[in-house]
Amino acid sequence: MGSYIIKRILVSIPLLLIISFLTFVLINLSPLDPAEVVLHAQGVPKITDELMAQTKAELGLDKPFIIRYFDWLVACLQLDFGNSYVTGEPVWSLIGPAFLNTLKLTVVSSVVIIILSILLGVVCALREGTIIDQSVRGFSFFLATMPSYWLASLMIWYFAVKLDLLPTNGMDSYRSYILPVAVIAINYAGIYFRVVRNSMLNHLNEDYVLYARACGVPERKITIHILRNSLQVAISIFCMAIPIILGSTVVIENVFAWPGLGSLSVRSILSRDFPIIQAYVLILAAAFVLFNTLSDIINAAMNPKLRKGL
Amino acid sequence: MKILRSLSKDRLAAVSFIVIVVTIVAGIFAPYIAPHDPNEVNMKLRFAAPSWEYLLGNDHLGRCMLSRLIYGIRPSVLWVLGALLISVLIGAIVGFIAGYFRGKVDFFMMRICDIMLSFPGYVMTLAVVGILGVGLKNVLIAFILMKWAWFARVIRTSVMQYAELDYVKFSKVAGMSDIKIIWKHIVPVTLSDIAVVSSGSMGSMILQISGFSFLGLGIQAPNAEWGMMLNEARQVMFSRPELMLAPGLATIIVVSSFNFLSDALQVALDPKLISSTNRLQEKEVATKKRGGKIYEYTRS
């Protein structure tokens, strides 16, 4: 197991390097000259060639590409993502707290999603084909077609304005979590409960279930056996879900004015603040790879067969 | 024709198909169908209730909601469809080359796909838009850049199933050229898989792209687009919540039609199921196949 973990982590390092390189290349492909963007953002009225050269030297843009990449990479590893073009503040001081806020939202939503989808998945699998199963699946199909921002706006309108029960935006107390978490959970639980349901159904007809039943094991215990086996698939998918939710809270954060990464990234895209966009992409891509690795390790811990693969 | 006939047996699929065709036709002929100019501002009619003249009422600038909805089909559905077709085409070319020729080409191309797929799609789309600048064109370019790898993977798997079959080997021995084999023997059989995969992604793509417009990163005012209309309606949500209904419902109807159609296509295009009259069996296969779709959801 130990050697598997080490191997798996070693495999993800080149991937992280490639990702960081691509992120760097991507930003450098931009049609705009960063020096020009900085000067514009700082409100310099007249941009002269001299000023451009000076800014370029300040930003280190006059060095060769590869050297700039390694300089940047080393700095990033120390959480130094440069300064925002617009405000001049260090990127980390902006993105750090935002990342934390998004992480809070993601973790709470993920927990709700996992609990909801396991509950619904188990109920639907055990009652396959009944009205409960059909209606839950039909309803989730309907919810999957609903634009999340529309649902969010409707919920704000109903719960926050009409009933005046919950805050409409910001993150002041635990009550601010309820609406955004509900929207995210509704969006994703509808997808993930199917995973649990399908893998439960695949296990229902296995030999060990028949054997346990023949031995007179009580149904509740059998259900627990099935659940444990079918959660294997689900766990890896849940692990993958966390970074996906982390990345796709953009819309929800903007609707609820959540002070997280999503709001920050959209704002910096609109103001073309490249260092922030770069840091945002890098952090999320790294999170994606890390969770991917984590899900593989958890799977291998549960299923020894998978350890041989690497 | 056969496909159409078997689709028409499934009433839900038939309705979905009609909805999609009507939407597309309405989008193409928007100038002839829309009762008013979508960008015509009429401040006297601000927030006017539905009337015979303006069937869905007017928005915050007194523009005709129905006309905006109809013109909105173009960016919300037609352009998305175009972007989807381009990325499927790129994915198909890569998938056919990798799946048919195998070897080093396959290895090289699949590693590229792996790297592309190891990025979180949504974030990368956002990044590409951030670099190219806001606008519907850039959102679509970003989607094509991020989506082709996924299609390439799926199409490659499908091609590989057939590339090793006896009749393909026979054609090779008989001296048929590779391009001719692909075109005559492999494209026709994989077409159904491609259709299912692409129609399955259409729904989520419409949602995501209108989400970008909703955030103000996609199409720019004064153009009409459903996500954009929702964003405009959101500004006056507290006083006029009813403005959010029409664009939201339009999105839901079109997206669910694409999803239903994709599910029905899976059944209709599977040659083993065309002759089968046993509904139960069809359903079983459909739910089994849906497993693959869930994987796709989790990817995007």
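Q: What percentage of the 310 residues of chain A count as buried?
A: In this predicted model, 37% of the 310 residues of chain A count as buried. The cut-off for that word is 20 or more other C-beta atoms within 10 Å of the residue's own.

Q: How do you know how far to trust chain A, going by its mean pLDDT?
A: Chain A has a mean pLDDT of 83, and 97% of its residues reach 70 or more. Among its elements, helix H5 (residues 91-126) of chain A has the highest mean, 89, and helix H2 (residues 34-41) of chain A the lowest, 72.

Q: What makes up the secondary structure of chain A, and how many helices and strands are there?
A: Chain A has 13 helices and zero strands. Read from the N terminus, its elements run α-α-α-α-α-α-α-α-α-α-α-α-α. The C-alpha trace of chain A spans about 85 × 60 × 30 Å along its principal axes. Of the contacts in chain A between residues at least 6 apart in sequence, 73% join residues at least 24 apart.

Q: Why is A:Leu79 called buried, exposed or partly exposed?
A: A:Leu79 has 13 other C-beta atoms within 10 Å. A residue is exposed at 12 or fewer and buried at 20 or more, and A:Leu79 with its 13 is therefore partly exposed. The residue sits in the loop between helix H4 (65-77) and H5 of chain A. A:Leu79 has a positive phi of about 60°, although it is not a glycine.

Q: Why is A:Arg272 called buried or exposed?
A: A:Arg272 has 20 C-beta neighbours inside 10 Å. The cut-off is 20 or more, so A:Arg272 counts as buried. A:Arg272 is found in the loop between helix H12 (261-270) and helix H13 (274-302) of chain A. Its phi is positive, about 55°, although A:Arg272 is not a glycine.

Q: Why are H6(A) and H8(A) called parallel, perpendicular or oblique to each other?
A: Helix H6 (residues 131-144) of chain A packs on helix H8 (residues 175-204) of chain A at an angle of about 130°, with the axes 9 Å apart. Roughly perpendicular ends at 115 degrees and roughly antiparallel starts over 145, so H6(A) and H8(A) are oblique to each other. Their crossing is left-handed. On the H6(A) side, A:Ser140, A:Leu143 and A:Ala144 meet A:Ile186, A:Gly190, A:Ile191 and A:Phe193 in H8(A). By class, this contact has five nonpolar, two polar and no charged residues.

Q: How do you know whether H4(B) is oblique or antiparallel to H5(B)?
A: Helix H4 (residues 65-101) of chain B and helix H5 (residues 103-117) of chain B pack at about 140°, their axes being 7 Å apart. Antiparallel needs over 145 degrees, so H4(B) is oblique to H5(B). H4(B) and H5(B) make a left-handed crossing. From H4(B), B:Val94, B:Ile97, B:Ala98 and B:Phe101 meet B:Gly103, B:Val105, B:Asp106, B:Met109 and B:Met110 of H5(B). That contact has seven nonpolar residues, one polar and one charged.

Q: Why is H9(B) called parallel or oblique to H10(B)?
A: The axes of H9(B) and H10(B) come within 7 Å and cross at roughly 40°. Roughly parallel means under 35 degrees, so H9(B) is oblique to H10(B). H9(B) passes H10(B) in a right-handed crossing. B:Ser210, B:Gly211, B:Ser213 and B:Phe214 in H9(B) meet B:Trp226, B:Gly227, B:Met228, B:Leu230 and B:Asn231 in H10(B). This contact has four nonpolar, five polar and no charged residues.

Q: Why does helix H8 of chain B lie largely in the open, and how many of its eight residues are buried?
A: Zero of the eight residues of helix H8 (residues 166-173) of chain B are buried, so the helix lies largely in the open. Just after H8(B), B:Gly175 takes a positive phi of about 90°.

Q: What makes up the contact between chain B and chain A, and how many residues come from each?
A: Chain B gives 37 residues and chain A gives 40 residues. On the chain B side, the elements giving two or more residues are helix H6 (121-132), helix H9 (178-214), helix H10 (226-235), helix H11 (245-269) and helix H13 (279-299) of chain B. H6(B) gives the most, with eight residues. By class, the side of chain B that touches chain A has 24 nonpolar residues, twelve polar and one charged.

Note on methods
Residues are numbered from 1 along each chain as its sequence is written. Chains are lettered from A and ligands numbered from 1 in the order in which they are written. This is a predicted model: local features need pLDDT of at least 70, side-chain atom pairs count only at pLDDT 80 or more; totals for chains, interfaces and linings use all residues. Two residues are in contact if their C-beta atoms, placed from the backbone, lie within 7 Å. Helices (H or I, at least four residues) and strands (E, at least two) are DSSP runs, numbered from the N terminus. Ala, Val, Leu, Ile, Met, Phe, Trp, Tyr, Cys and Pro count as nonpolar, Asp, Glu, Lys and Arg as charged, and the others, Gly among them, as polar. pLDDT is the predictor's confidence in each residue, from 0 to 100. Axes are lines fitted to C-alpha atoms, for helices over the stretch in contact, and angles run from 0 to 180 degrees between N-to-C directions. Angles under 35 degrees count as roughly parallel, over 145 as roughly antiparallel, 65 to 115 as roughly perpendicular and the rest as oblique. A crossing is left-handed if the near helix is turned anticlockwise from the far one by less than a right angle, and right-handed if clockwise.
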